[in-house]
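Here's a quick briefing to read with the model open on your screen. We'll go through a few backbone oddities, then a helix pair, then the nonpolar cores.

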Amino acid sequence: MTEKRPVLVATEADDITADMVITELNRRDVPVVRFNPADIGEDLTVSARFGTCPTPVVGQVRTPSRTVDLPRVRSVYWRRPEWPSFPHLSPDDSRFAAAQVRYGLGGTLYALDGPLWVNHPLRIAEADYKPAQLALAQQLGFTVPPTLVTNNPAEVREFIRTQREAIFKTLRWTPYSREGVPVTGWTAPVTTDEIDDSVRVTPHLFQAQVDKVADLRVLIVGRHTFAVRIDSELLDWRKDYSALTYTVERLPNRVDMALHAYLDRLGLVSGSFDLAVDGAGNHWWLELNPNGQWGWLESETGLPMSAAFADLLTQGDSR
């Protein structure tokens, strides 16, 4: 009989996508310990010892309903965990406490060399730099739209003038609000008239607009590929999900192999890719989200995405 080793699921309190995977794991009778680093304290404790036994690390993570021995962890699903901010402490104390959690709890988990990580947070962080993504995509044979990253307004104006149409993208999504209202940085057209000296404050990403006929969201889970064509009239399809239609696609073999090679190069076992398709059927690289959302696509298409995650996590370090 297979030993019932647990799967750790690190995510925020309300995560429907993680719930879908946990439901699949429960169907397989695989024990799950779900936790959120933000709950450190009464609702989450960690204890670890080093240099006291033959294994490099021993210890436990405890939640109000579960306890897991760290050496027995089968795999770790690092979804969307929240780190504590300690707002009740002074600014200096809160920064200190937050750092201790990241390097204490996080460092203890990172010390585990047995489990399969989906994905390891250090690999996620490395993969999240868009300029590095663009360079790797070109190395692996993808068609990359002409792109400029700069804080030089003159270079931006010249770049925009040389493109048929140009767009602006954020280099990374970050929580942001104006007068208490959350704001999201959508991909948007940009003209030379909009460029002023405020560009000098920070690097910006400008790109030639792809003359696309559709978008593709491609989820890879282990060796499985799930490709969904997204049709809309939107430049950034995330702005209005009600305007989208979905079609399950089969990628050309060379594109599929290149996407898997991309993840292999980054040490990832899963990732969500965004590609654009033009009128000639060419696939244009847009970006990788190493920990992207996919749950709504399973609901829209019936593709067994959560089952693929459950399979991967169940296999764990025996894959």
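Let's start with Phe86, which sits in the loop between strand S6 (75-78) and helix H2 (91-110). Keep in mind that this is a predicted model. Phe86 has a phi near 50°, a positive value in a residue that isn't glycine. Is Phe86 buried or exposed? Its relative accessibility is 17%, and buried means under 20%, so Phe86 counts as buried.

**Other backbone spots to look at**
- Asp29 also has a positive phi without being a glycine, with a value near 60°.
- You'll find Asp29 in the loop between H1 and strand S2 (32-35).
- Going from Val118 to Asn119, the peptide bond is cis, with omega near -15°.
- Asn119 belongs to the loop between S7 and helix H3 (121-127).

**How H1 and H8 pack**
- Helix H1 (residues 16-27) packs against helix H8 (residues 305-315) at an angle of about 60°, and their axes are 8 Å apart.
- The two helices, H1 and H8, are therefore oblique to each other.
- The crossing of H1 past H8 is right-handed.
- On the H1 side, the contact is made by Met20, Val21, Glu24 and Leu25; on the H8 side, by Ser306, Ala307, Phe309, Ala310, Leu313 and Thr314.
- Sorted by class, this contact between H1 and H8 has seven nonpolar residues, two polar ones and one charged one.

**The nonpolar cores**
- As background, nonpolar side chains in soluble globular proteins tend to be buried together.
- Here, the largest nonpolar core has 30 residues, and the ones with the most contacts inside it are Leu25, Tyr77, Val118, Trp294, Met305 and Phe309.
- Several elements give two or more residues to this core: strand S1 (7-10), H1, strand S7 (116-118), strand S14 (212-221), strand S15 (224-231) and H8.
- Which element supplies the largest share of this core? That's H8, with six residues.
- Trp294 is a good one to click on: leaving aside neighbours within four places in sequence, Trp294 is in contact with Thr17, Met20, Val21, Tyr77, Leu219, Met305, Ser306 and Phe309.
- Apart from this core lies another one, of 22 residues, including Leu70, Ala97, Ala98 and Leu112.

**Residues that turn up twice**
- Leu25 is in the H1 contact with H8, and Leu25 is also among the residues with the most contacts inside the largest core.
- Phe309 appears in that helix contact from the H8 side, and Trp294 touches Phe309 too.
- Val118 is on the list of residues with the most contacts in the largest core, and the cis peptide bond starts from Val118.

How values were computed
Residues numbered from 1 in each chain as written. Predicted model: local features only at pLDDT ≥ 70, side-chain atom pairs only at ≥ 80, totals over all residues. Heavy atoms only, no water. Axes fitted to C-alpha atoms, helices over the stretch in contact; angles between N-to-C directions. Helix = DSSP H or I, 4+ residues; strand = E, 2+ residues; numbered from the N terminus. Parallel < 35°, antiparallel > 145°, perpendicular 65-115°, else oblique. Left-handed = near helix turned anticlockwise from the far one by under 90°. Contact = heavy atoms within 4.5 Å. Nonpolar A, V, L, I, M, F, W, Y, C, P; charged D, E, K, R; others polar. Core = buried A, V, L, I, M, F, W, Y, C linked by side-chain atoms within 4.5 Å. Buried < 20%, exposed > 50% of the residue type's maximum accessible area, 1.4 Å probe, protein only.
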